[in-house]
Amino acid sequence: MLDLDDQLIRVHDFNPAIPDNLYLCPGGSGPQTSYPLLQRQAIAETLRECLSASSAAWRLMCDTDGDQGFSDYTKIAHGLCDSVIVPLKTNVNDFSNRCVPMMEELFLGRQAGEARSRIQMI
C-alpha cells in the first residue's frame, strides 16, 4: 500500500492560520505522463483503497483541468472522486466553452466505465 503521509504536504506546517487537518498533494502544469485506461483505473482504485484503509477520515478534493480537455490526471481524479463542482463565470461563453466540453468528456468517461464522479453543482 501507498503511504499517503509521505505524499502529502500538511499546509499548517507552513501557515499556522490554516487548519491542521488540511493537506495538499502537489501537481502542476508541466509535462505529464500519459497512462493507458487500465493503468488510470488501477491508480484511482489504489488511491481509493489507501484512503479507505487509512485510520484517518479523509475528504478529498481534486482541482483539475477539466475545462481544458481531460488530461490523464483529470481522468484519474474522476475515477477517484464521487462528486464534481463546476465553477463558472456568469456568462454564456464560460458555460459553452468550459462547462459543456467538460460535461461531454465526463459523459464519455462514465460510458467507458472510467469516471465515477457526478456533477453536484454548477
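User: Why is Asp94 called buried?

Analyst: In this predicted model, Asp94 has a relative accessible area of 8%. Buried means under 20% relative accessible area, exposed over 50%, and partly exposed in between, with a 1.4 Å probe and protein chains only. The value for Asp94 therefore places this residue in the buried class. Local features need pLDDT of at least 70, side-chain atom pairs count only at pLDDT 80 or more, and totals for chains, interfaces and linings use all residues. Residues are numbered from 1 along each chain as its sequence is written, and side-chain values use heavy atoms, with hydrogens and water left out.

User: What makes the approach of the Asp94 side chain to the backbone nitrogen of Lys89 a polar contact?

Analyst: The distance is 2.6 Å. A polar contact is a pair of N or O atoms within 3.5 Å; within protein, one must be able to donate a hydrogen and the other to accept it, and residues adjacent in sequence count only if both atoms are side-chain atoms. The 2.6 Å distance therefore lies within the cut-off.

User: Which residues does Asp94 touch, not counting residues up to four places away in sequence?

Analyst: Asp94 touches Pro87, Leu88, Lys89 and Cys99, where contact means heavy atoms within 4.5 Å. Of these, Cys99 is itself buried, because its relative accessibility is 0%.

User: How do you know that the structure holds zero disulfides, and what is the case for Cys62?

Analyst: A disulfide is a pair of cysteine sulfur atoms within 2.5 Å, and the structure holds zero such pairs. For Cys62, the nearest cysteine sulfur is that of Cys81, 3.5 Å away; this exceeds the limit, so Cys62 is in no disulfide.

User: Why is Cys62 called partly exposed?

Analyst: Its relative accessible area is 36%, so Cys62 falls between the buried and exposed limits.

User: What makes helix 2 mostly covered?

Analyst: Seven of the nine residues of helix 2 (72–80) are buried, among them Ile76, Ala77 and Leu80. Helices (H or I, at least four residues) and strands (E, at least two) are DSSP runs, numbered from the N terminus. The buried residues of helix 2 pack against helix 1 (37–53), strand 3 (83–85) and helix 3 (92–111).

User: How many helices and strands does the chain have, and in what order do the elements run?

Analyst: The chain has three helices and four strands, which run β-β-α-α-β-α-β from the N terminus on. Buried residues make up 24% of its 122 residues.
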